[in-house]
Amino acid sequence: MTQRPSLQVAVVMRRERVPGAMSHWQPWRWVLHDVTGHDVLPHTEHFGAEPRCLRHTEDEQIWLHLGFTVELFRDDAEGYYLNATSPAPCWFVLWRMEEEPRIGDEAMAVPTMVSLSYHDAGRWLDAQENVDQVPAPEDVVAWMVEFMDAHWVVEAKRRKRPDSFKALQDRFGNPASVSTEKIRGGNLGGAPNPRGGDVS
């Protein structure tokens, strides 16, 4: 079985103070800070698999989450096309809030999936998940585009047959026809006139 193209990445989440009047109801919020790849991962091996706090100040926290694999699927080439041709191609990250604190002293945002597919992001949003995005680096976009060019086939739209060429049917589904030939000389034999009365 052919192995799918893939990248190992880490997700960086940031907790920051909410500015303005909204801070009375929600003093903090979690946002996607970055998705980092092979250029940074070799330096994080000593962190282990558990999330790690990289910065903790009065105004923000930065958390690193390791161990995400981004794969490219042939049947999702259109999703990569929609991402690649957008004004800013990006990573899509699905994250969820912990129900109970597991990593830190308080419940925090934990990323669960990373993708380059526009379709994946749409499905996650339809399921009312938290989805954020950050720009993808040029080398990652080029990698995605190369795969997309190799596997995306644009399906030709079938030409719609004009209604005038469709076979006519009566209300019972039987073939029907319409005659445009004009009846001349009236109804012979005194047959009833469809509009009422006799024609003589």
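**Strand pairing and helix packing**

Strand 4, residues 60–71, is mostly covered, with nine of its 12 residues buried. Burial here means under 20% relative accessible area. The model is a predicted one.

Strand 4 pairs with strand 1 and with strand 3. Strand 1 spans residues 6–17 and runs antiparallel to strand 4, joined to it by 10 bridges. Within this pairing, Gln 8 lies opposite Thr 69 of strand 4. Strand 3 covers residues 52–56 and is also antiparallel to strand 4, through four bridges. Here Cys 53 faces Trp 63 of strand 4. The connection from strand 3 to strand 4 is a hairpin of three residues.

A further group of strands forms an open sheet. Its three strands follow the order 6-5-7, and their pairing is antiparallel. Strand 6 (109–115) and strand 7 (130–135) are the edge strands; each has a single partner strand, so one side of each lacks a neighbour in the sheet. On average, neighbouring strands of this sheet are turned by 35° against each other, direction ignored.

Strand 5, residues 90–97, pairs with strand 7 over six bridges in the antiparallel sense. In this pairing, Leu 94 has Val 131 of strand 7 as its bridge partner. Helix 2, residues 118–126, packs on the sheet. The helix touches strand 5, strand 6 and strand 7. The direction of helix 2 makes about 25° with that of strand 5.

Terms used
Residues numbered from 1 in each chain as written. Predicted model: local features only at pLDDT ≥ 70, side-chain atom pairs only at ≥ 80, totals over all residues. Heavy atoms only, no water. Pairing = 2+ DSSP bridges. Helix = DSSP H or I, 4+ residues; strand = E, 2+ residues; numbered from the N terminus. Axes fitted to C-alpha atoms, helices over the stretch in contact; angles between N-to-C directions. Contact = heavy atoms within 4.5 Å. Buried < 20%, exposed > 50% of the residue type's maximum accessible area, 1.4 Å probe, protein only.
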